[in-house]
Amino acid sequence: MAHEATMSPLAHADDHHGEHHESPNVFGFWLYLMTDCVLFGSIFAAFAVLRNQYAGGPSGKELFDLTNVGIETAILLFSSITYGFASLNALAKNKKMVLLWLAVTFVLGLSFVGLELNEFSSMIAEGNGPDRSAFLSAFFTLVGTHGLHVTCGLIWMAVLMVQMMGPQDLSERMMNKLACLSLFWHFLDIVWICVFSFVYLAGVM
């Protein structure tokens, strides 16, 4: 009995440690997002310097269609809401609803990327590619980098959905993966709001 009493606190400490052994991963992902902030901040700064360097080419006012960009923005912001529903159902351990809301989020994210690619292809077809001027080089770099991040997020989301398909319950490890993807997805929403305001809205004024 004395041996059990001696070992009990250690056992409880091990159990407590096991419950939270994934938390450093979430903290580490916060650190990654900080480096991403530096990346996007640098590209935004470059765009600010080059935004008026048209080299005889078209300006943002001539190129940007705020109706289409507004649709892209609404789709991406709504995908953040649907991911929030997935997170709430993950906390309730309702795996079927998590998969459903992740699927909805995936479709919305894919629609956003599709609209962005359509915008790029239309501009390039009209001779307004990234080699046309410094302004367009900065534009394609900034918006393209964000689009690449969204694409990576979609791949990540698809992998998590495949991993969740099975009889097993949502593990603590999976919950941490979903939490990290949630941080990433909402971060991309914030970046896009900055892109929409600083690039598109300011570009047509």
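Me: A helix is a DSSP run of type H or I with at least four residues, and helices are numbered from the N terminus. With that in mind, which residue follows H5, and what is the sign of its phi?

Reply: In this predicted model, H5 is followed by Gly 127, and the phi of Gly 127 is positive, near 85°.

Me: How many helices and how many strands does the protein have?

Reply: The protein has 7 helices and 0 strands. Along the sequence, the pattern therefore reads α-α-α-α-α-α-α.

Me: How do we know whether the length of H5 agrees with its number of residues?

Reply: The expected span is 1.5 Å times one less than the number of residues. For the 31 residues of H5 this gives 45 Å, and the end C-alpha atoms are 44 Å apart, so the two values agree.

Me: What is the corresponding comparison for helix H7?

Reply: Helix H7, residues 172-204, has 33 residues. From its first C-alpha to its last it reaches 47 Å, close to the expected 48 Å. H7 also has a kink of about 25°, centred on Phe 196.

Me: Why is His 149 called buried?

Reply: A residue is buried when its relative accessible area is under 20%. His 149 has a value of 10%, so it counts as buried. This histidine lies in helix H6, residues 134-164.

Me: Which residues does His 149 touch, leaving out those up to four places away in sequence?

Reply: His 149 touches Tyr 32, Asp 36, Leu 39, Phe 40, Phe 184 and Leu 188.

Me: What makes Trp 101 buried, exposed or partly exposed?

Reply: Partly exposed residues lie between the buried limit of 20% and the exposed limit of 50%. Trp 101 has a relative accessible area of 22%, and therefore it is partly exposed. Its place is in helix H5. Beyond its neighbours within four places in sequence, Trp 101 is in contact with Thr 82, Phe 85, Ala 86 and Asn 89. Of these, Phe 85 is 16 residues from Trp 101 in sequence, and their C-alpha atoms are 6.5 Å apart.

Me: Where is Pro 130 found, and why is it called partly exposed?

Reply: Pro 130 is found in the loop between H5 and H6. Its relative accessible area is 36%, which falls between 20% and 50%, so the description partly exposed applies. Pro 130 touches Ile 124, Leu 136, Ser 137 and Phe 140, not counting residues up to four places away. Pro 130 and Phe 140 are 10 residues apart along the chain, with C-alpha atoms separated by 6.0 Å.

Me: What is noted about the phi of Ala 55, and is this residue buried or exposed?

Reply: Ala 55 has a positive phi near 50°, although it is a residue other than glycine. Its relative accessibility is 62%, which is over 50%, so Ala 55 counts as exposed. Ala 55 is found in the loop between H2 and helix H3.

Me: Where is Lys 93 placed, and what is its phi?

Reply: Lys 93 is in the loop between H4 and H5. Its phi is positive, about 60°, although Lys 93 is not a glycine. At a relative accessible area of 47%, which is not over 50%, Lys 93 is therefore partly exposed.

Me: How many disulfides does the structure contain?

Reply: A search of the whole structure finds 0 disulfides. A disulfide needs two cysteine sulfur atoms within 2.5 Å, so no cysteine pair meets that limit.

Me: How are Cys 152 and Cys 180 classed?

Reply: Cys 152 has a relative accessibility of 43% and so counts as partly exposed. Cys 180 has 8%, under the limit of 20%, and so counts as buried.

Me: Which members of the largest nonpolar core touch the most other members?

Reply: Of its 53 residues, Leu 102, Phe 139, Leu 178, Trp 192, Val 195 and Tyr 200 touch the most other members. H2, H4, H5, H6 and H7 each supply at least two residues of this core, and H7 gives the most, with 16 residues. Among the residues in contact with Phe 139 are Phe 47, Phe 120, Val 199 and Tyr 200.

Me: What share of the residues in the protein is buried?

Reply: Buried residues make up 40% of the 205 residues.

Notes: Residues numbered from 1 in each chain as written. Predicted model: local features only at pLDDT ≥ 70, side-chain atom pairs only at ≥ 80, totals over all residues. Heavy atoms only, no water. Buried < 20%, exposed > 50% of the residue type's maximum accessible area, 1.4 Å probe, protein only. Bend = angle between axes of the 7 residues up to and from the residue. Contact = heavy atoms within 4.5 Å. Core = buried A, V, L, I, M, F, W, Y, C linked by side-chain atoms within 4.5 Å.
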